[in-house]
Amino acid sequence: MIDDPKIVIALDYPSPQVALNFVQQLDPKLCRLKIGKELFTAAGPQLIETLISKGFGIFLDLKFHDIPTTVGKACEAASRLGVWMLNVHASGGSGMMEAAREGVDRSGQKPLLIAVTVLTSMNQSMLNEVGVTGSVAAQVLKLSLLTKKSGLDGVVCSAQEAPVLRKALGDDFCLVTPGIRPSDTNIDDQSRVVTPSQGLALGSSYLVIGRPITQSPTPLETLIKINRELML
Ligand code: C5P
């Protein structure tokens, strides 16, 4: 039994049936689940209720980004579903993030509220194109500091960014890291990957892992194996 599972499995599936079929092979004591825009749009809040009733902690990865009132209300509604974690875009600014914080607090629930800084799909020229002249690393740090100042609990970041962010933002700030690959698996379309143990050593709080577990012929065994490695 793990008190606070570090692994968050990305349920990148097109329908609730396929997602539930996969989830029935898992154990909620060993992982949490991430639901993103595709699955949430197809399945709606009912899937979240079902998964919570099975004991799973849910990261609702909808990356809200809108005017403050809208984001505040969306965060309040998401929190009321009983999710464990939800997120917004830090580039919405402090006003929007403070409204998100207030929305979550109004819900009476206590999910972790985190922000996305710079999407890892964006490179320097894409940042320049949208008017950001500083480096990607500087922008990630700037938005992470703004996230903390706005009262949020953490950010999504790459493992490469984690050491700098951990140092700048302190031990209590939550760093959620995708791009994780156990050493014996395919890297798929990720480019800079680290192993689960390296992710934690670099300062990550939680590891988002998709295909190494969802495409595994034996997902539960893979999950147990990764958890075992993390405890070494
Ligand atoms: O299958 P894989 O482990 O690559 O899945 C990683 C998950 O994390 C996917 O849901 C992907 O969209 C998400 N993600 C990511 N990189 C980011 C942010 C989110 O891979 N920077």
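In the next few minutes I will go through one strand and its neighbours, then the ligand site, and finally one arginine at that site.

Please keep in mind throughout that what we have on the screen is a predicted model.

Let me begin with strand β2, which spans residues 32-36 and is mostly covered, with five of its five residues buried. If we take the strand face by face, Arg 32, Lys 34 and Gly 36 lie on one side, while Leu 33 and Ile 35 lie on the other, and the residues of both faces are buried.

What does β2 pair with? On one hand there is strand β1, residues 7-10, which pairs with β2 in the parallel sense over three bridges, and within this pairing Ile 9 stands opposite Leu 33 of β2. The chain gets from β1 to β2 by way of helix α1, residues 16-23, and the β-α-β crossover that results is right-handed. There is also strand β3, residues 58-64, which pairs with β2, again in the parallel sense, over four bridges; here the bridge partner of Gly 36 is Asp 61 in β3.

From the strand I would like to move to the ligand, and Lys 34 is a convenient way to get there, as this residue of β2 is buried and is also one of those that surround the ligand. The surrounding residues include, besides Lys 34, Ala 10, Asp 12, Thr 120, Pro 178, Arg 181, Gln 190 and Arg 211.

Which side chains place a polar atom beside an oxygen atom of the ligand? Among them is Lys 34, with a polar side-chain atom that lies 3.0 Å from a ligand oxygen; for Asp 12, an N or O atom of the side chain is 2.8 Å from an oxygen atom of the ligand, and for Arg 211 the corresponding distance is 2.7 Å. As for coverage, the ligand on its own has 460 Å² of accessible area, and the protein covers 79% of that.

I will finish with Arg 181, another of the residues around the ligand, which is found in the loop between β7 (174-177) and α9 (196-201). Is Arg 181 buried or exposed? Its relative accessibility is 5%, so Arg 181 counts as buried, given that the cut-off for buried is under 20%. The side chain of Arg 181 makes a polar contact, at 3.0 Å, with the side chain of Asp 188. Leaving aside residues up to four places away in sequence, the residues that Arg 181 touches include Asn 186, Gln 190, Thr 195, Arg 211 and Pro 212, and of these Gln 190, Arg 211 and Pro 212 also belong to the surroundings of the ligand.

Note on methods
Residues numbered from 1 in each chain as written. Predicted model: local features only at pLDDT ≥ 70, side-chain atom pairs only at ≥ 80, totals over all residues. Heavy atoms only, no water. Buried < 20%, exposed > 50% of the residue type's maximum accessible area, 1.4 Å probe, protein only. Helix = DSSP H or I, 4+ residues; strand = E, 2+ residues; numbered from the N terminus. Pairing = 2+ DSSP bridges. Right-handed = clockwise from strand over helix to strand, strands pointing away. Near = heavy atom within 4 Å. Polar contact = N/O pair within 3.5 Å; in protein donor to acceptor, adjacent residues only side chain to side chain. Areas by Shrake-Rupley, 256 points an atom, 1.4 Å probe, with all protein chains shown as cover. Contact = heavy atoms within 4.5 Å.
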